[in-house]
Amino acid sequence: MSGRVLFIAYYFPPLGGVGVQRTLKYARYLPLWGWRPVVVTPRNPAYLVRDPSLLDQLPADLEIERTSGLEPARLPNAVARLLSRGDRSGPAASKASAMVGSPTGGGIFGKLLWKSMIAWNRLWARILFPDAEAGWVGFAVRRGMAVHRREAVDVIYSTSSPISCHVAASRIAAKTGLRWIADFRDPWIGNAFAADVPRRLGRRREKLELEIVTRADRIVFATEGLREAYSARYPFAADRMVVITNGYDRADSVASGTLARDESPNRRFRLVYTGSLYGDTELAVFLDGLDLAVERHPELRDRLEVEFVGWLNANNRRVASAYTQPERLGSVLKFSDFLPHGEAMQRLAGADALLQIIGDGPNKGQIQGGKLMEYLGQDKQILAVVPEGVAREMLDELGWGICADPTPEGVASGLWRLLSEPLPTGRADPEGRYDRVNLARQLASILDELKDRDGPVE
């Protein structure tokens, strides 16, 4: 074996959602390239989305160290489950920024309790730094040190969000002298979906991010756009920054099979989106465009079916409710709750084409989207309603997909192209550059380099 790598990862099975997949696949495929991971992760995290089926994808001999932690968000989570009558379909109560809207039950007492929990989250958002998971850092550090004392590890790998993973890894690296890889699945400073923060907190974040970039031996990003943004912000560290994209796992596609469907000549063309929708404009823009396309081509009411599979925030639930009315798009549009990853992959396998949506706005051109990469493994046509940026560039390089501007007119035109042009054949990624097995090899190469290097990493 080449070595042993310590993973510091908050999002890990049985948690679900797209944020889990990157670390899960590294844990699954790094052993093929000689690296043995040991994962430090919380035992009972405050995050609400669970997908126990993902545990079946982990190697039987994978070392997983589950630790305690202090997370105040557990209390609002319990209240949210109570007031939503046990609904666990989305992560609304797991983040302070998502606790908006009103409870679905509980009467006056329930509303008062809900408001109290919002105040509770706001209080802790002011106290905890750098994020709501800060109370887990000390536990992760102690467990990571114990793992290293029991059997030495060679390199540390941490992945954010939450940024607290990097804080824990930095402390372990300082105590042990081990090399450290900091992986940014998303940006911290300049995140397109993050709420604005007070100036003082913004300065604290900038200082911490600078410390992480300065101390890490390698900084890994999921897109070239992110690497370019961070290289411009921290030019002194540009030579330590690399890109390892998200990707797809052929094993997932094979395991998902294809759902039985109506193959009659008059069957509907199925366009499917899987994943949560956090932004407040993307869904509305797409549905405005869908409405426009149906207005221009009324036959689409009998020809097209669009399904969204995943969690919606409060605003998007209101938008969905309005558009699924019979007089609007009720005959065309369908929304399904969050599904375990395997079932969501089955929905993709049973579709004619797959949908990605990224709204327009500051820094959104840097977003590629994990779901878009998973779509590639299905070898189906993709309608990408995305701004100019890394998502379009990736599809252009592959010569795959239909790209549309994130405007109602762009959506309407893109939908008509999708239904008018022949579906592609062959492989979306014939060279396998986004295959998870090959991406794990890229990380293994960095681990090999850091393990074999003596002295300071330049």
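Begin by selecting strand S4 (residues 155-160), helix H5 (residues 164-176) and strand S5, which together make a right-handed β-α-β unit. Please bear in mind throughout that the model is predicted.

Keep S4 and S5 in view: the two strands pair in the parallel sense over six bridges. To see one of these bridges, select Val155, whose partner in S5 is Arg179. Next add strand S6 (residues 218-221), which pairs with S5, again in the parallel sense, over four bridges. Here Ile181 has Arg218 of S6 as its bridge partner.

Now display the side chains of S5 alone. Is this strand enclosed or open to the outside? Six of its six residues are buried, so S5 is largely enclosed by the rest of the structure. Arg179, Ile181 and Asp183 are buried on one side of the strand, while Trp180, Ala182 and Phe184 are buried on the other, so that both faces are covered.

Stay with Phe184 and add Phe221. The two rings form a stacked aromatic pair, with 5.6 Å from centre to centre and 25° between the planes. Phe184 belongs to S5 and Phe221 to S6, so the pair ties together parts that are 37 residues apart in sequence. Both residues are buried. Extend the selection to Tyr230, Tyr234 and Phe236, which ring pairs link with Phe184 and Phe221 into a cluster.

The whole structure holds 14 aromatic pairs. For another of them, select Tyr11 and Tyr47: this pair is edge-to-face, at 4.9 Å centre to centre with 80° between the planes. Tyr11 lies in the loop between strand S1 (3-8) and helix H1 (18-29), and Tyr47 in the loop between strand S2 (35-42) and strand S3 (63-67), so the pair ties together parts that are 36 residues apart in sequence. Tyr11 and Tyr47 are both buried.

Two charged side chains over rings come next. Arg204 lies over the face of Phe129, at 3.9 Å from the ring centre. Then select Arg328, whose charged end sits over the ring of Tyr323, 4.2 Å from its centre.

Finally, turn to the nonpolar interior. The largest nonpolar core has 68 residues, and Leu6, Ile8, Leu30, Ile156 and Ile181 have the most contacts inside it. Helix H16 (residues 436-452) gives the most to this core, with seven residues. Apart from this core lies another, of 54 residues, among them Val294, Leu312, Leu372 and Tyr434. To close, select Leu6 and its surroundings: the residues that Leu6 touches include Val38, Val40, Gly144, Val155 and Ile172.

Technical notes: Residues numbered from 1 in each chain as written. Predicted model: local features only at pLDDT ≥ 70, side-chain atom pairs only at ≥ 80, totals over all residues. Heavy atoms only, no water. Core = buried A, V, L, I, M, F, W, Y, C linked by side-chain atoms within 4.5 Å. Buried < 20%, exposed > 50% of the residue type's maximum accessible area, 1.4 Å probe, protein only. Contact = heavy atoms within 4.5 Å. Phe/Tyr/Trp six-rings, centres within 6.5 Å; stacked < 30°, edge-to-face > 60°. Lys NZ or Arg CZ within 6 Å of the ring centre and 35° of its normal. Pairing = 2+ DSSP bridges. Right-handed = clockwise from strand over helix to strand, strands pointing away. Lists of a residue's contacts leave out its neighbours within four places in sequence.
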